[in-house]
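Please open the model in your viewer and keep the sequence panel beside it. The tour begins at a single side chain and moves outward from there.

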Amino acid sequence: FHLGIGPERKAARLRFLRNRWAERLLKTGKVKLLTSLKPGFACGIATVAVDGIDPGKLVDHLWEKHRIIATPIGHDDVKGVRVSPSVWTTLEEIDRFCDAMEPVIKGGLK
């Protein structure tokens with residue numbers, strides 16, 4: 001599959017998906033992206049931190065309420081949620097992730 005679509009197209013797709021959710025969530029003004037959006041620094045994986053929200057609790061919420069898989073990162077110097085779409089992740093799935101995140105960003109976990 002990788003050779004079939006080519007590494008350049010695969011990387012472009014992953015950056016597109018990452019940028020779609022990251023740019024939307026950054027517009028809230030209440031998140032910090034811990035991964036650079038600049039080409040050459042990262043591809044599809046990015047880590048986002050939500051002010052005042054524990055990454056582990058947020059990941060649990062995403063799974064329990066929305067069946068969205070993400071990974072909590074809880075190192076001393078980096079705390080956030082790692083988001084890892086794949087080339088076959090749909091735009092609808094990316095938008096569903098944002099739809100699940102935005103109420104938490106605005107009002108916290110309930």
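**Starting at Arg-18**

Select Arg-18 and show its contacts (heavy atoms within 4.5 Å): leaving aside residues up to four places away in sequence, Arg-18 touches Ser-36, Leu-37, Ala-42, Cys-43, Gly-44, Ile-45 and Ala-46. This is a predicted model, in which local features need pLDDT of at least 70 and side-chain atom pairs count only at pLDDT 80 or more, while totals for chains, interfaces and linings use all residues. Residues are numbered from 1 along each chain as its sequence is written, and side-chain values use heavy atoms, with hydrogens and water left out.

Stay on Arg-18, which is buried (under 20% relative accessible area, 1.4 Å probe, protein chains only) and yet has no salt bridge, a term that requires a side-chain nitrogen of Lys or Arg within 4 Å of a carboxyl oxygen of Asp or Glu. Glu-23, the nearest side chain of opposite charge, is 7.2 Å away, whereas the side chain of Arg-18 reaches the backbone oxygen of Cys-43 at 2.8 Å.

Next, colour helix H2, residues 7-26, where Arg-18 has its place; helices here are DSSP runs of H or I with at least four residues, and strands are runs of E with at least two. The buried residues of H2, among them Leu-14, Trp-21 and Leu-25, pack against strands S1 (31-33), S2 (46-50) and S4 (79-83) and against helix H4 (91-107).

Finally, select S4, which runs antiparallel to S2 and is joined to S2 by three bridges, with Val-81 as the bridge partner of Val-48. Strand S3 (residues 71-74) also pairs with S4 in the antiparallel sense, over four bridges (pairing needs at least two DSSP bridges), and Pro-72 stands opposite Val-81.

Terms used. Buried < 20%, exposed > 50% of the residue type's maximum accessible area, 1.4 Å probe, protein only. Lys, Arg positive; Asp, Glu negative; His and termini not counted. Polar contact = N/O pair within 3.5 Å; in protein donor to acceptor, adjacent residues only side chain to side chain.
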